[in-house]
Amino acid sequence: MDGMLASISGMVDKVRGTPLERKVKEATSNEPWGCTGEVKNEIAKATYNYQQYKEVMGMLWKRMEMPGKNWRGIYKALVLLEFLLKAGSQRVTEEAREKLHRIRGLEHFMYEDPNDGSDKGSGVRTKAVQMVKLLRSDKALHKLRESHKKTKAKFSSVSSEGGGIEKYGGYGKDFDGYGGALGQDEPGRKSRRKKKKKPVYEEEEDEDEDSEYESKRSRKKKGKKGKGKKKKKSRRKHEEDEDEDEDED
């Protein structure tokens with residue numbers, strides 16, 4: 001009977017409140033599974049709106065004060081607060097520091113499983129200690145927010161590059177529409193890339209330059225041969241003249 005009443009009470013609690021408050025409840029439920037990134041991002045975005053910010057934080061502090069049997073929900077509330085510190089409005093940090101005593105109270109959280117007596121509060125205690133340490137360090141908070149911004153920008157960039165599915169096969173701009181990388185041809189398939197043809201006028205100019213170059217070379221060779229022949233002739237004539245002079249003597 002008590003279990004049935006508790007179940008009904010839980011179902012009624014889920015439908016109470018504004019849509020945003022119900023999202024915070026969903027993110028901090030006592031179910032044995034975590035909250036989705038999509039829900040956490042929606043809640044973080046809401047903290048930049050003044051009215052919605054009050055709804056989020058008001059419900060979040062209430063979830064941290066749930067009975068010990070809801071130890072999973074309390075742990076998830078701390079995890080959600082950590083996410084809001086890096087992705088939400090700066091006001092989250094200010095308010096969390098003002099209410100630091102609430103988080104410190106969870107450093108001594110205790111709950112034993114009534115069935116086997118096991119300690120279910122260790123996760124809450126550990127996370128509370130981490131959160132107190134984080135909130136006391138401006139450097140750690142700044143590093144956390146900057147790291148989140150870089151990660152978000154990186155994913156946004158990858159998402160925008162891979163957006164053209166029809167053109168690039170959904171793999172970004174370095175792939176063609178057939179699953180292969182641009183500039184690489186698959187085995188057994190002829191390349192679709194056309195070779196760049198040399199312009200006709202360039203070929204004609206090159207031929208003219210080649211013929212002109214060859215004619216100059218041939219003229220130089222002929223010139224060298226002619227000079228050589230002249231030198232030989234003059235040398236022979238000089239020798240003949242010397243022989244004639246000797247004969248006369």
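This report describes the fold, a set of salt bridges, one pocket and two buried sites in a predicted model.

**Overall architecture**

The secondary structure of the protein comes to eleven helices and zero strands, so that, read from the N terminus on, the elements run α-α-α-α-α-α-α-α-α-α-α. Of the 249 residues in the protein, 26% are buried. Among the contacts with a separation of 6 or more, 59% are made by residues that lie 24 or more positions apart.

**Salt bridges**

A search of the whole structure finds seven salt bridges, and the table sets out three pairs, including the distance between the closest nitrogen and oxygen atoms of each.

| Salt bridge | N to O distance |
|---|---|
| K23 and E42 | 2.9 Å |
| E95 and K99 | 3.3 Å |
| R125 and D119 | 2.7 Å |

The pair formed by K23 and E42, whose side chains meet at 2.9 Å, links distant parts of the chain, with K23 placed in helix α2 (residues 19-27) and E42 in helix α3 (residues 37-46), 19 residues apart. K23 counts as partly exposed because its relative accessibility is 26%, and E42 likewise counts as partly exposed, at 33% relative accessibility.

In the bridge between E95 and K99, E95 counts as buried because its relative accessibility is 14%, which falls under the 20% cut-off, whereas K99, with a relative accessible area of 25%, is partly exposed. For the bridge of R125 with D119, the acidic partner D119 is partly exposed, having a relative accessible area of 35%.

**Helix α2 and its buried face**

Helix α2, which carries K23, has as its buried residues L20, E21, V24, K25 and A27. Seen down the axis of α2, these buried residues fall within an arc of 165 degrees, and they therefore line one face of the helix.

**The second largest pocket**

The second largest pocket has a volume of about 220 Å³, and its lining is made up of N41, A44, K45, Y48, F83, K86, A87, R145, H148, K149 and K152. Helix α3, α5 (71-87) and α9 (138-161) each supply at least two residues of this lining, and α9 gives the most, with four residues. Sorted by class, the lining has four nonpolar, two polar and five charged residues. Helix α3 thus appears twice in this account, as a contributor to the pocket lining and as the helix that holds E42 of the salt bridge with K23.

**G73 in helix α5**

Helix α5, which also supplies lining residues to the second largest pocket, is the place of G73. G73 counts as buried because its relative accessibility is 0%, under the 20% cut-off. Leaving aside the neighbours within four places in sequence, G73 is in contact with T28, S29, N30 and M66. G73 and G34 are 39 residues apart in sequence, and their C-alpha atoms lie 9.7 Å apart in space.

**Points to look for in the structure**

In viewing the model, one may start from the bridge of K23 with E42, which joins helix α2 to helix α3, then turn to the face of α2 lined by its buried residues, and follow helix α9 to the pocket lining, to which α9 gives four residues. G73 in helix α5 can then be viewed together with its contacts T28, S29, N30 and M66.

Key:
Residues numbered from 1 in each chain as written. Predicted model: local features only at pLDDT ≥ 70, side-chain atom pairs only at ≥ 80, totals over all residues. Heavy atoms only, no water. Salt bridge = Lys/Arg side-chain N within 4 Å of Asp/Glu carboxyl O. Buried < 20%, exposed > 50% of the residue type's maximum accessible area, 1.4 Å probe, protein only. 1 Å grid on protein atoms, 1.4 Å probe; cavity = no way out; pocket = protein on both sides within 12 Å on 5 of 7 lines; lining within 4 Å. Points joined across faces, edges and corners; volume = space filled by probe spheres on them. Nonpolar A, V, L, I, M, F, W, Y, C, P; charged D, E, K, R; others polar. Arc of directions from axis to C-beta. Contact = heavy atoms within 4.5 Å.
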